[in-house]
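Grab a coffee and work through these exercises with the structure open. Try each task before you read its solution.

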Amino acid sequence: MASNKKYWKSEAELNPNDSIVETLRQNEFSEEIPVDEFLGDKENLSASTTNRRDFLKYVGFSTAAATVAACEGPVHKSIPYVVQPDTIVPGVANYYATTIADGFDFASILVKTREGRPIKIENNTDAKVNGSANARVQASVLTLYDSKRVQGPMANGEPIEWKVLDATVRAKLGSLKGSNRQIALLTQTYASPSTEKLIAEFKAEFGDNVNHVTYDAISEDAALNAFNAAYGERALVDYDFEKADVIVSFGADFLGDWQGGGYDGGYAKGRVPKNGKMSKHIHLESNMSLSGANADKRYPMTAAQQKIALAKLYGKLNGTNVGGGTSDVDEAVDKIAAEIRKAGSKAVVVTGLNDVNAQTVVLAINKLLSSEAFDTENPKYVRQGDVAKVNKLVSDMNSGRVGALIIDGVNPVYSLPNAEDFVAGLEKVDVSVSFAFNNDETAQSVGYVAAASHYLESWGDAQLKKGQYSLMQPAIRELFDTRQFQSALLTWMGSDKTYYEYIKENWDTAILQGSDWNQALQDGVFVASASAEVAEEPVAAPVEAEEEQWEIAPIASSIRALVGATSQGTELVLYSKVGMGDGRQANNPWLQEFPDPISRASWDNYVTVSKADAEKLGLKNHNVANGGLNGSYVKLTVDGTVLENVPVIIQPGQANGTVGLSFGYGKQAGMQEELATGVNAYTLYKNFSDVQSVSIEKTAGEHEFACVQLHNTLMGRGDIIKETTLEIFNTKDHHEWNHMPQVTLNHQEIPVTSPDADLWEEFDRSIGHHFNLSIDLNACTGCGACVIACHAENNVPVVGKQEVRKSRDMHWLRIDRYYSSEDTFEQDDEKKESMDGLWGDNGSLGGFGEMEDPSVNPQVAFQPVMCQHCNHAPCETVCPVAATSHGRQGQNQMAYNRCVGTRYCANNCPYKVRRFNWFLYADNDEFDFNMNNDLGKMVINPDVNVRSRGVMEKCSMCIQMTQKTILDAKREGRVIKDGEFQTACSAACSSGAMVFGDINDKESKVAELKEDDRMYHLLEHVGTKPNVFYHVKVRNTNEA
Amino acid sequence: MKKVLYRHLFSKVLGLSLLFFSVSIFAQEEAAEASGGDAAKGKQLFNQNCAACHSLDRKMTGPALANVEARLLEDEGLDKEWLYTWIKNSPGMIKSGDSYANKIYAEYNQAAMTAFPTLSNQDIDDILAYTAAPPKTAVKGPEGPETPLTPSEPGISNELILGALALVFGLLVIMLLLVNKTLRRIAEANGVVLEKEKAEKRIPIWKAFAQNQFLVLVTAIFLLLASGYFAYGWMMQVGVDQGYAPVQPIHYSHKIHAGDNKIECKYCHSSARVSKHSGIPSLNVCMNCHKSIYEYKGNPEGPSAEDLANGYTNEFYTGEIRKLYKAVGWDEENQQYTGETQPVEWVRVHNLPDFAYFNHSQHVSVAGIECQTCHGPVEEMEIMEQFAPLTMGWCINCHRETNVKMEGNEYYEAIHAELSKKYEVEELTAAMMGGLECGKCHY
C-alpha cells in the first residue's frame, strides 16, 4: 500500500523555489564527509601495514585474549596499617557515644564505625531525653560523606588558606574592638553550655558591640516568648506524654518536629493498651500531620478556628465565658472539655500555633489542670531562635551598623523570608564569614566561606533539657580542610586551647561535679544532680538578661485576641516533613528518596489541598499509564511574593480553606542537580509566621510525582490492618476483634493455622533460635526512622525520582499508610459486607469504586511491611534455581549470587516486599548518588553485599546482625540474653513498636508478645505462617 | 629438661669457682679482673639479658658493646666497678649525676637502661669476657662453605647414575639391532623367505574399525564423555586459584617465622581471634621483633640449610629486612623512627568473593580449628601460597564432616542437648547446626 503522503521537514520545503531545499535534497550530509582525504591518500594507505585480514586477526585475537583473561582472577592488593591504632581491629565495629545538635535535630546517639569510618547511627539508650535518632539523624551519617561539601576555606569563591582567613578576621575584629559597629554572630541554636560560655568570653574579649543572634530557620519564637513571660527563661516546656491520659493538640505535630521533636517514645508508651487503659489523643489541625494521623479523634480546622477553639476551651475549663458567640467549633470544644475534665491532671494540652497568645493560654491551661505531663521545672533548650533579634540584625546590617558578621549553622539567604534584605545588608558588612557545609546560598553571598566540619568530626556538648547534658565527640578526623565554629572562635580570640580542652575544662569545673570526664564521654550523656543546676544557672542567664522584655498581655487579652481570630481567604500552613526537616540535609539522597509518611511521595514538596478546595480550583491528581501520579500546578501568592509551579497533592484530611506546603525544598546552591528538588517555601514564611493568607491560581502543565503508594484506601479489607476500639477490646473476647480466618475441611470449619489445613509438613523449629519480629500498630507512629536505618544497614541503593515513579524503589522496609473511605475503617468493613449484587445502591460495582476514594477526614493507619519471612514461603517454592530458601532460624534467605532474575518470587509474594535490581546502582553514572563516588561509598556496610543488576533482593531480617550476636556469644561461651538480638529497624524504633527476638527463648519479650491476644499475621488466610507479626490497632474512641 | 640440667651444672661450676676464688679473694682481686669470665657463659647471659637492646658491633637501642670494657677504660678512664654499678642500677647512677652516665642517657634518647640487680659480678665478668672476645663461631666456619656441597653431592651422583643407565640402555638397543641384523642375514643365507605381503592383504585396522558401527558408536560415546569430563574439570577450575603464590613486595618467609622460629600464627594475625579478617599484620607488629633482629644469620647446618640451598642467601634476607625498615620508616643508624612511612602493598593470596561471608574468629576461636586446616603447611612455605581451593564445595564438605566443638561452651549446651536427641547422635556436625544454609554465608 503505497502512501501518497508527503512528509516535509521544515517550512522552507513548502516553497518549491527555495534553493536551500534543493541543495539539501542533493546532499545527504550537511557537511562533506572527508572520505577522499583518507582513501585518496594512496601513499598513506599503502604505507599502512594493517590490511583487512590483519584487522580480523586482531579482532579475533583480542576477543580470545579477553576471554582467557576473564578466566584469570584479578590481583587484589591488601594494604595494612603501618602502625595500627590499638582500638581498631579490622572487621570489628566500634561504637562511640556522641550528640547531634545541628540546630534542628538534637539527639544523643551512638555512632557505629568500621575501620575508622562512621557507617551508622544508633540510639543511645542511656539517654533520658532525645536518645533516639529520627529519620534525618539516621541519615546524617551520609551527609558526612556529601560529595558537595566545602572542602576548605574560600574567599569570593577561590580557595584560600585558613591562616589567611584567620588573619583577615582577627584584623577586622581587632579594629572593631570597642567601636560602635557591631560584631554580629548569627548562629543556629546550640543548646551548648560550652559554646555559650565561649561566646560570652568572645563578648568579653571584643566588647559590648558583639551581638549574638540565634536564628532558627523554622521558628518556635512564640512558644519561647510565652514561656519567657511566664517563667522567666527563654526555653520550651517539656512534656511527658507517657503520663497523660488525654492529649489534646492544637496543631502541634509533636510526633514530627514540633519544638524539636523527640516525643514519640513517651507518647507510644501511653498508646499501648495496658490493663484496659490507653491514652486518648484528640487533634485539631489544618494539614494532615503525623500526629494527626495517629490521633483517636481528629478535627480538621483552620488556624483561626483552632485559636477560637483554644480560647473557648480555656473558658470552659475555667468556667468563664470568653465570648465569641456560637461557632462551628463549639461541639468539638464541648467534647474536648468533657474529656479533659474527666482526666483532670492526667490531661495535657499542647499547641503548635506560632502565636504568643495561643502559647500563653496553653501554658495557663496546663497549669490550671496541674498536668502531670507538663514539666516547666526542667525545660528544654533545643530551640532558642529570636525573631526580633534576627529582624533587628537585618535592619542593622542595612543601616551599616554591622562591621563583621560571622554565620554558623544557618543558611539565612535560603531560609530567611526577607532574604533580599539580608543580601543587600551583607554588602554593607565589611567582613562576612559563613561556616558552611555546602557551598550554599549564604556561602555564595558572603565574603569568606569557612569550611565547617560535620558533627561527626567535631567536639561539642549540649544541654538538651535542664540538667540533662550530652557530649559530642568526633568519630573520624576531618575529611577535608575544615574547622568547627568554636575552634575558629578560640583561634580568633587568640587562645591556643583546642575546643576539646575548652569543653573538658568547662565540664570539669561547671558540670561534672567531680564525676569522671571519661565516663561521661563514654556514656555520651550526663545527668546533673539538682545542686548543679543551680550552679549552672548563670551560664544560661546572660542570654536571658539581655532579652528585651517581651510584652505579654495578660491571659484575658490573650483570650480576647484568640477569640477574635479570623482568617482572610485561604490559609497557607507551612510545615516541615519528617524526611527533610528545615532542609539542611537536602543534599542527602537517602532523605530525598524517603517517602513522606503521609503523602508517600518522595523527591518533592507540594501543596496539599483538600478535595473540596481542589474541585473548586479545578486541581487534579491522577495516575498515568505507567502508574505514576500526576498533579496540577498552582501559583501561590502571599503578600506579593509569588511561588510559581507548585505541584498539588489532594490530601484527605486537609481542612477546607487551608493548604499546606513543606519547608526544606527548593535549595539550589551547593546541591547536586538531581537532588535540587521542590520549591522554597521559606519565601512565603512572612514574619516567621507559619500561617499565611494565600491566593491560589491554577497554572498550566502537570507535575510528575514519585509516589510509592498509589492506592490509598483499605477497601474494607479489615484483615490487613486489624482494628478495634478500646471498648470492644476491653469487653469482648479476642476471637471477635482478632478473628482467626477459618477454612473448611470435611465440611467443618477449622482455623487456617491448623496443621490439617496445611499442604506442607511442618518443620520443627523448636531447637536453636527462631526469630520473630513483632510490630505493634498502636505504638508505631509511622515516623520512618526504621526505613532510613534499614537503608544504612543493608546498603539499599538510591534509585532516583524517575525510577521511584516507575515503582522501582528499593526500600526493603516500607510503611504503608491507609485512609478510610468512610469516616472510619470499621464503616468501610461494614459497607463492604453489606454489598449485594453488582448493581444498585448496595452494588459492588459502584461500591468498590466509591471505596477507592478516601474520606474527607479519614482515619489513618500505618503499617510497616518488610519481608514477612514466611515459614511456608510462596517465593521459595517457585524459584527455579533455589536462590531463596529457608533457614532453621526462621529467616527467608536470599542468595544473590545464585539468583538469575526471573522475578517469579516477587510475583508470587503476597506481601510485595521483594525488590528487583533493574540496573546496576553502584558505580553507574546514570544513578549518580552516594554509591557512585568514593566519598559516598564510605558509608557502605562492609558486612552486607552490594547487589548487582538483575538480582532480586529483600529484607534479610538483618541476618548479619543476628549472626554477629550469636558469634559473640559463642566466642564468650555464654547464653544469649533477651534484647541482644536486634534488627536495624527494631534498634532504630524509638517508640518500641518493633520488638525483635528469639521466640524459642520463652522468657523473651517477643515470645510474650506472640502470645498476646492482639497478635495477628498479615494475610493469615493465605497460610504463609510469617515470622513477622502485628498487634491489632486499638483506637480509644471512648467518649467522656 | 636440658636447660634445667645445664643450669644446675652452671651453678655447680659457679659454686666451685667461687669456692676456689674465695680462698685468695683479696690477693686475687686484680688477677680476677685480668683473668675475666667465661665467654661461653657470657654469650648465653648476653643473649638472655642484653641482646634485645645491644649488639656487639652495632648501635641499637643502646650502644654497641664489643670491647666495651677496654673502650671505657681507654676513652673515659672508667673501670669495671663503674660498669658493675651501671649495669646493676643505671637509673640510680643517672640520678646521682655521674657525668658519663648522663651523657649516655642523653645520647640514647633518654631511654634508661633496665637495671639488672640480679646479675652477680661474675655474671657481668662473663658477659664482658664475651663482649671482649666472643667465642668464635669460626669453629663451624670452615664447615660453612662445605655445606652447600653436601646437598649437591647426591645431585651429581644421581646424574651419574642416570647417565650410566642411559649408556647401558643405548648399548642394549644397539646390540639388539645388531642381533636382528645378523639373524636376518643368517635367514637370507638359509633361504628363508620373510613373509611381508601377508600383512598387506589384511583390511587396514582403521577401515575395519570404521566398518564396525558398534565400535564407532561406543568410541564416539566414550570420546564425548571423556571430553565432557575433561571440559567440565577444566571449567570448574576457572576462578579457583589453588596454588596461587604471587610475588610479594617483601619476600616474607612463613617458613622462617612460623616454621624455624615457631612463632604462633595468631601472634601476628591477632585479629583472627576476634574478627572476620585474619588481618595482615601492621608493620609495627613486625617491628616488635625486627627492631632487634636486623640481619638474617641463617645457620647452614640448621633449618635454613634448605633456604640457602634454594639460593636465598643471608644477604638476601637481610635486604628484605631493610625493605621493612624503609616501609616503616626506621632509621637504623639512629635507632629511631623517621615518620616517613610507605605502607606495604601486599598481594592478597586468599580471595574469597564478596558475596561469601567468612569469619575467622568463628573458625579459629569458637571451633578451635588449626590455621593449617585451611591454609596448609604454612610453616613450610617459603613463599605463601593458596593451599585450599576455597570453593563452596570445599567449605560444604568440611561443614558436613566436622564436628562442632561444643564442650565447655555454655552457648551450645541447650542446642546440643536438643539437637543430638533429634538426630540421635553424640557429636553434631556443622551441617546439623545449620551450617549448610545459604544465608549463613551469603548476605
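**Exercise 1. Which residue does Lys77(A) stand opposite in β3(B), and what does each chain bring to the contact?**

Step 1. Start at Lys77(A), and you'll find Val347(B) of β3(B) standing opposite. A quick word on what you're looking at: this is a predicted model, where local features need pLDDT of at least 70, side-chain atom pairs count only at pLDDT 80 or more, and totals for chains, interfaces and linings use all residues. Residues are numbered from 1 along each chain as its sequence is written, while chains are lettered from A and ligands numbered from 1 in the order in which they are written.

Step 2. Zoom out to the strands: β1(A) and β3(B), residues 346–347 of chain B, run antiparallel and are joined by two bridges. Two strands pair if DSSP finds at least two bridges between them. The element names are DSSP runs numbered from the N terminus, with helices being H or I of at least four residues and strands E of at least two.

Step 3. Now take the whole contact: 38 residues come from chain A and 45 residues from chain B. Residues are in contact if their C-beta atoms, placed from the backbone, lie within 7 Å.

Step 4. On the chain A side, β1 (77–78) and α33 (959–972) are the elements that give two or more residues. The largest share, six residues, is from α33(A).

Step 5. Sort that side by type and you get 18 nonpolar, 15 polar and five charged residues. Here Ala, Val, Leu, Ile, Met, Phe, Trp, Tyr, Cys and Pro count as nonpolar, Asp, Glu, Lys and Arg as charged, and the others, Gly among them, as polar.

**Exercise 2. Work out the strand order of the open sheet with β2, β3 and β4 of chain A, and find what packs on it.**

Step 1. The three strands line up as β2-β3-β4 (chain A), with antiparallel pairing.

Step 2. Look at the edges: β2 (93–101) and β4 (117–123) of chain A each have a single partner strand, so one side of each lacks a neighbour in the sheet. From one strand to the next, the twist averages 35°.

Step 3. Follow one pair: β2(A) and β3(A), residues 106–114, are antiparallel over nine bridges. Within that pair, Tyr96(A) has Val111(A) as its bridge partner.

Step 4. Add the helix: α5(A), residues 135–144, packs on the sheet and touches β2, β3 and β4 of chain A. The direction of α5(A) makes about 170° with that of β4(A); axes are lines fitted to C-alpha atoms, for helices over the stretch in contact, and angles run from 0 to 180 degrees between N-to-C directions.

**Exercise 3. Find the partner strands of β25(A) and check the turns.**

Step 1. β25(A), residues 629–638, pairs antiparallel with β24(A), residues 621–623, over three bridges. Asn621(A) has Gly631(A) as its bridge partner.

Step 2. The hairpin of β24(A) and β25(A) has five residues between the strands, and Gly627(A) takes a positive phi near 95°.

Step 3. Another antiparallel partner of β25(A) is β28(A), residues 691–707, with nine bridges. There, Ser632(A) stands opposite Glu702(A).

Step 4. β26(A), residues 641–650, also pairs antiparallel with β25(A), over five bridges, and Tyr633(A) stands opposite Pro647(A). Two residues lie between β25(A) and β26(A) in their hairpin, where Asp639(A) has a positive phi of about 50°.

Notes. Contact = placed C-beta atoms within 7 Å.
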